[in-house]
Amino acid sequence: MKKESARTVSIIGALVVAIAPHTPGLPLWINVWCIVMWGYMLVRLKTGWPLPATYIRYGLTFAGIFGLLLTYSVRIGADAFLGLLALMAAIKPFEMATHRHQMITVLLTYFIIITSLFRSESMFIVLYMFFSVLVTTMALVQVNAPGNLFRESFKLAARIFIQAFPLMVLLFLLFPRFPGSLFGIEDKTMGRTGFSDHLSLGGLVSLVRDQTPAFRVEFKGASPLADKLYWRGIVFQKFDGKTWTTQDQLAFNLSPLSFPGKYYNYTILLEPHNSPWLMALDLPIKGPSWAGITGEQVLKSRRPVKKRVRYMVSSFARDFFDEISLPGVAAGGGFPGGPSSVSDHMPGLISPEEMAAAIISTAGNKNPRARALAETLAGKTASVFEKIHLLLSYFKENEFVYSLDTPRTTRHPIDTFLFESKKGYCEHYASALGFMMNVLGVPARVVGGYLGGEYNPYSNYLTVRQSYAHVWVEIFDQKNGWVRVDPTMAVAPERIGINPDGSLASFSTSTTALSFSRKIKFALDAVNLRWKSWFTGYSYFEQKAFLEKLGLSEKWRGFVGISMVLAMLLLGILTGVAGFLFWLFQLKKDRPDPVEQAYLMFCCNLGKLGLRKRPDQGPMDFARDCGNKRPDLREKIMMITDHYVQLRFQKDCPETTLEDFKTCIKNLK
Amino acid sequence: MMIKKYEEIVNHISSVVLGKEDQVRLALTCFFARGHLLIEDFPGIGKTTLAKVLAKCMGLKFQRMQFTADLLPGDILGMSVFDQNTGNFRFHAGPIFTQVFLADEINRATPKSQSALLEAMEEEQVTFEGETRPLETPFFVIATQNPLEQAGTFLLPESQMDRFLMRIELGYPDRKAEKKILKGEGADRALAKIACCMGQGEVISIQDQVDRVHCSDTFLNYLQDLLDFTRSSPDFQIGLSPRAGMALARAAKAWAFLHGKDYSLPEDLQHILPWVAGHRLRHRQDLMGIPRDRLMEIFSRVPVPI
């Protein structure tokens, strides 16, 4: 009983530890269900309550499945699957009487541990999984070597664990990985946030309130100034009066010219967001091999980003623009396009006026007041920069306010913004400026991305959060190409160098000014990032790079892969054969002795009559006892016992005795 | 057939040693198992009578010797005496050259004398001045020891206790038996009336048959379980030796044979267990012998294999 209870406690303990990471994601009733079932099993160790009868167990199983159907209905996904696993793990301890069931339960526990990765891949969960594996291995030791002290089981489990460690590292590094996901399974829970391919006024608010990291950046060499951290994502080149959308290849094919400026090399670790846009510092020059730079100078992956990716980018930032001395026009971005006229280089291409008209062609007669305002304000000047200046001054002089609290969109959203509410955030200013510039015949496009970044002094990287999402405008100038203009800065210059959450976007390595909680936050984030880039991010490409570093070429890699698979296969076969032999051996060993079985049945039958055999009682003494208590059965009992003694203790006994013995026992019934 | 004979002997002896039937049966078991018997009790209980009547019943030679502190090994084994007629030393056999030897109050003798006797018991031969002389068969030693008187005694060490197959206590007779003793003629007179019911040849043949009693695997498993138990149980200071295991098996076989079986059962073992194991085990805590009922209680924790 003591061994039994130690075993039950260790198995239930392992189950609790394994399920724990799932509890926040499971419905409340499943959590309660688990607590009740396991609690009952633990309490009955003390009180000796009975195990639930078979029909109750069946009832519980069906009730559980029914509840699951009610909770998830047809949404059969990972969550429903985990719920089922938890339900079954909760009632499994009711049938753990035999070794086989105990082993099944332990294996189930190992499986549950793996499913923790459905919830999170963070370092903390993986460390927890190691702990969980240790606890489960202890349960495994308890099942197979009962009566061990807790400390001894722990020692053995720890030893097994440590022995498995090098193998684990080896398999992690060398087990063949495939580009893309295995079996085409993609995790739908990952990567929901981010920009979509259209932008309407007021659409960014949800993003602005989201504090999760969008990506992290690590600069190699020089890092740019804090006010130049414009991370380009999507370029919207089409406006229908309400919504900006992307449009393919409506661009000038400009030849790059040499401008004074700086190159920046950096690595980005991008969280999945389900679209192909890759963030890069204004302006990307060179990206990873699996991505291209579009005509709008945007880095774009061939497939939507559904897993965390890591890539290196080189960007170029121009130092200054010609003829620019305007407040609010951010010098530093811009397109390295040629100053010479477009038609010189690219005959047959459309003029800037035609392009501006094309951008707002679908806007129709929307926002008439804004059109009129643009004409009145800047219709007379020819200079592009003068026009920009006049429009931005309008925002300033008319007491426009930066605010996230904006009215609902109307039929003419820009009119509403310019003449009624006079408050808005980056989207509104960018949309209004972009629209009006196009009305004036100057091509202007809206760019979605992020601004700023929180510098982590412990690990020298920037974290860019979803809330740093920003929208600005790029305006085409014959001399300078596309020039970045951020109208929000004209209204809210305090945003420069300060992230929306109040953190500074500076590259200060000093940690003294940081509060304690911030230090902890930075340190944890730094550790977790290392973890992400080295462990969960270790995929096909990283493995390839690693093997190449070891001097193993692609050919070798294939060879290693094949030999690994073969070795695993061989190991599997050997294990199978060994298991089969062991099973045969065990079968032989465990085949119950017929005499013993028959005699046990005899004792059991007498036990039902109230004649119990003490364990230390010999067969003859027992028979005599029984005979005294039940004189009517004396003869039969004596005969059976005689047969038993003959079979067990006498020197030679005829072969028929066993059959007689069995018949006698049957007759006793 | 054997049972009849056995009961006859038991009745014979019990008519002299009154009210001690159980002890008589154990003594006979010990005798037929070729073991030696240690009787631990107070004087005047009937130890000597038991030994005498046993010898007479079996038709065996009997010698009694009172052990004292000044007893020398030569007094037991014998010595060489110069023969004036022949001019040679002639071996003068000691009292040990007999078939039933009663060593009265063995703990009074010095360890040297004790060990001389015990050596003879183990090897069934006496080596004196380089010459080895076999003892007679059957050779049966009954030693008595007074458990109370400690002054001037030499307690038998464990290793020597081990030489005795069994240790029994006689104890006071019950009221009924005692009245019979008080009423009746003296033991000597009763002894004289006892007829010999067995000869030396018959005794040896029975002893041989006891050796041939079958011990099945199940029986031996039980025996081994018991031995293992004494070795691992925290109750005992030291477990039973393989020699003790052999003694248990022999005694159980003899018990089984005397009860008409040619195989031994766990019950046989259980019957003789406290008498064979009792003087070989010591309790871990109080360093004293273990009371018999306590011993049986401890052993009842070992289940009989099925």
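Helices here are DSSP runs of H or I with at least four residues, and strands are runs of E with at least two, numbered from the N terminus.

**Entry 1: chain A overall.** I'm working with a predicted model. With that definition in hand, I counted 22 helices and 19 strands in chain A. Then I checked burial: 34% of the 669 residues of chain A count as buried. I also looked at how far apart in sequence the contacts reach. Taking contacts in chain A with a separation of 6 or more, 72% come from residues 24 or more positions apart.

**Entry 2: where A meets B.** How many residues of chain A are in contact with chain B? I get 14 from chain A, against 14 residues of chain B. On the chain A side, α19 (594–608), α20 (619–629) and α21 (634–649) each give at least two residues to the surface touching chain B. I sorted that side by class and found six nonpolar, three polar and five charged residues.

**Entry 3: a helix pair in chain B.** Next I pulled up α11 (residues 242–258) and α12 (residues 266–277) of chain B, which pack with their axes 9 Å apart at an angle of about 130°. Angles of 65 to 115 degrees count as roughly perpendicular and those over 145 as roughly antiparallel, so I put α11(B) and α12(B) down as oblique to each other. Their crossing is right-handed.

Which residues make the contact? From α11(B) I noted B:A244, B:A247, B:L248, B:A251, B:A252, B:W255 and B:A256. They meet B:D268, B:L269, B:H271, B:I272, B:L273, B:V276 and B:A277 of α12(B). By class, the contact of α11(B) with α12(B) has 12 nonpolar residues, one polar and one charged.

Note on methods. Residues are numbered from 1 along each chain as its sequence is written. Chains are lettered from A and ligands numbered from 1 in the order in which they are written. This is a predicted model: local features need pLDDT of at least 70, side-chain atom pairs count only at pLDDT 80 or more; totals for chains, interfaces and linings use all residues. Two residues are in contact if their C-beta atoms, placed from the backbone, lie within 7 Å. Ala, Val, Leu, Ile, Met, Phe, Trp, Tyr, Cys and Pro count as nonpolar, Asp, Glu, Lys and Arg as charged, and the others, Gly among them, as polar. A residue is buried if 20 or more other C-beta atoms lie within 10 Å of its own, exposed if 12 or fewer, and partly exposed in between; C-beta atoms are placed from the backbone. Axes are lines fitted to C-alpha atoms, for helices over the stretch in contact, and angles run from 0 to 180 degrees between N-to-C directions. Angles under 35 degrees count as roughly parallel, over 145 as roughly antiparallel, 65 to 115 as roughly perpendicular and the rest as oblique. A crossing is left-handed if the near helix is turned anticlockwise from the far one by less than a right angle, and right-handed if clockwise.
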